[in-house]
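Reader: I would like a close look at the empty space enclosed in this model, and at the parts of the chain that surround it. Please take it slowly and connect it to the rest of the fold.

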Amino acid sequence: MPTTTSMEPLLSSRRIVLWVEDMTTKEYLLKIWQPEDSLFQILIAGSNESVKAVVHDNIKSGYDHVFGLIDRDFGDSNRHRWGEPNNGLSVFKPERFKPERHEIENYLLDWDALAGCTENSRNNRTRNEIETRANGFAAELLCWMACRQTIVTLRERLLGNFPLHPRLNKIDSLDKAKDYIMKSRHWWRALPGTNQYIANERNISLELKWTHGNHKDDLEDGNWVKSFSGKEIYCHIKGFMVNARYAPVETMDTDLAKSVAEWQFANGAIPQELLDLKDCLKTRVGIP
């Protein structure tokens, strides 16, 4: 998504530009960041990779007040760097404390907020009903979560040491290009062993069992609210609460997210991490 002349008003009209993955994230953040929401232009890129690409492109074009927020999913977080002066981050990923929040929808799995928000007025589901329903659905996702985590782990084994793109001043000949690729972390030497590991059915079974056990622990102690796929559970709870399709799915997702945000704002229950993110972005652009 290249920076074009038609985008300049969007990139220049607010002190901070934040690219996010979807409409739900945008509307949720604007609600919980009020009244300072007027500082932010929140734009939608559509996916994790698109956020990173468009932020890089905007910064390259001279917009140094542009940032991105992406879901952690199964990856690492850079939350521990948010409070560092001049942290240099352009794309933010929550949170470093275990268990990390899987994605933005995990902030919406707030049983008090879901029960108390105005969107719940249709069916008046109780807090206990909502939490019990969510717990039951999370239990059904246990093996699915183990499968997803194992796939990510195997992909990391295969590509984790794959060479990064070189700096501009590093490559000025094809010989240097070849040397850079072949010598970068010796990734190619590890491929035979990695392939052998992945091709071993016993290793896959052990990975699945280990991951399943970790997710089962989260399920039993309640930490699944952070570590499981919040998007799937949030959509399930939305269907339980609303129990009717009154608009397109994205609109219904956004309506409930805004309603939860309004309850959290009114009741002093905004996730601290997201308040920290707002403050970090303000600091980065020189707003006290």
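Author: Helices, of at least four residues, and strands, of at least two, are here DSSP runs numbered from the N terminus. With that numbering, the protein chain of this predicted model comes to 13 helices and four strands.

The enclosed space comes first. The structure holds one cavity of 30 Å³ or more, and about 70 Å³ of space lies in the largest cavity. Its lining is made up of Glu21, Thr25, Leu69, Ile70, Asp71, Pro94, Glu103, Ile104, Tyr107 and Leu274. Sorted by class, that lining has six nonpolar residues, three charged ones and one polar one.

One of the lining residues, Tyr107, leads on to Gln264, since Tyr107 is listed among the contacts of Gln264 once neighbours within four places in sequence are left aside. The other contacts of Gln264 on that list are Tyr28, Ile32, Asp110, Ala113, Ala269, Ile270 and Pro271. Gln264 is found in helix H12, which spans residues 249–266. Its relative accessible area is 1%, which is under 20%, and therefore Gln264 counts as buried.

An open space offers a second view of how residues frame a void. The second largest pocket has a volume of about 190 Å³, and the residues that line it are Phe162, Pro163, Leu164, His165, Pro166, Ile171, Ala177, Tyr180 and Ile181. By class, eight of these are nonpolar and one is polar, with no charged residues in the lining of this pocket.

The packing elsewhere in the chain gives the setting. Of the 288 residues of the protein chain, 42% count as buried, and among contacts with a separation of 6 or more, 71% are between residues 24 or more positions apart. The largest nonpolar core has 49 residues, and Trp33, Trp224 and Ile233 have the most contacts inside it. Helix H11, residues 230–242, gives the largest share of this core, five residues. Not counting residues up to four places away in sequence, Ile233 touches Leu109, Ala134, Phe137, Ala138, Leu141, Trp224 and Phe228. A second, separate core of 13 residues includes Val55, Tyr63, Val66 and Val91. At the surface, the protein chain exposes about 15600 Å², of which carbon and sulfur atoms supply 51%.

Some details of the backbone in the loops complete the picture. Pro35 lies in the loop between helix H2 (23–32) and strand E2 (40–44), and the peptide bond that joins Gln34 and Pro35 is cis, with omega at about 5°. Asn124 sits in the loop between helix H4 (111–116) and helix H5 (127–140), where its phi is near 50°, a positive value in a residue other than glycine. Asn124 counts as exposed because its relative accessible area is 54%, which is over 50%. Asn243, in the loop between H11 and H12, likewise has a positive phi, near 60°, and is a residue other than glycine. With a relative accessible area of 55%, Asn243 is also over the 50% cut-off and so is exposed.

Key:
Residues numbered from 1 in each chain as written. Predicted model: local features only at pLDDT ≥ 70, side-chain atom pairs only at ≥ 80, totals over all residues. Heavy atoms only, no water. 1 Å grid on protein atoms, 1.4 Å probe; cavity = no way out; pocket = protein on both sides within 12 Å on 5 of 7 lines; lining within 4 Å. Points joined across faces, edges and corners; volume = space filled by probe spheres on them. Nonpolar A, V, L, I, M, F, W, Y, C, P; charged D, E, K, R; others polar. Buried < 20%, exposed > 50% of the residue type's maximum accessible area, 1.4 Å probe, protein only. Contact = heavy atoms within 4.5 Å. Areas by Shrake-Rupley, 256 points an atom, 1.4 Å probe, with all protein chains shown as cover. Core = buried A, V, L, I, M, F, W, Y, C linked by side-chain atoms within 4.5 Å.
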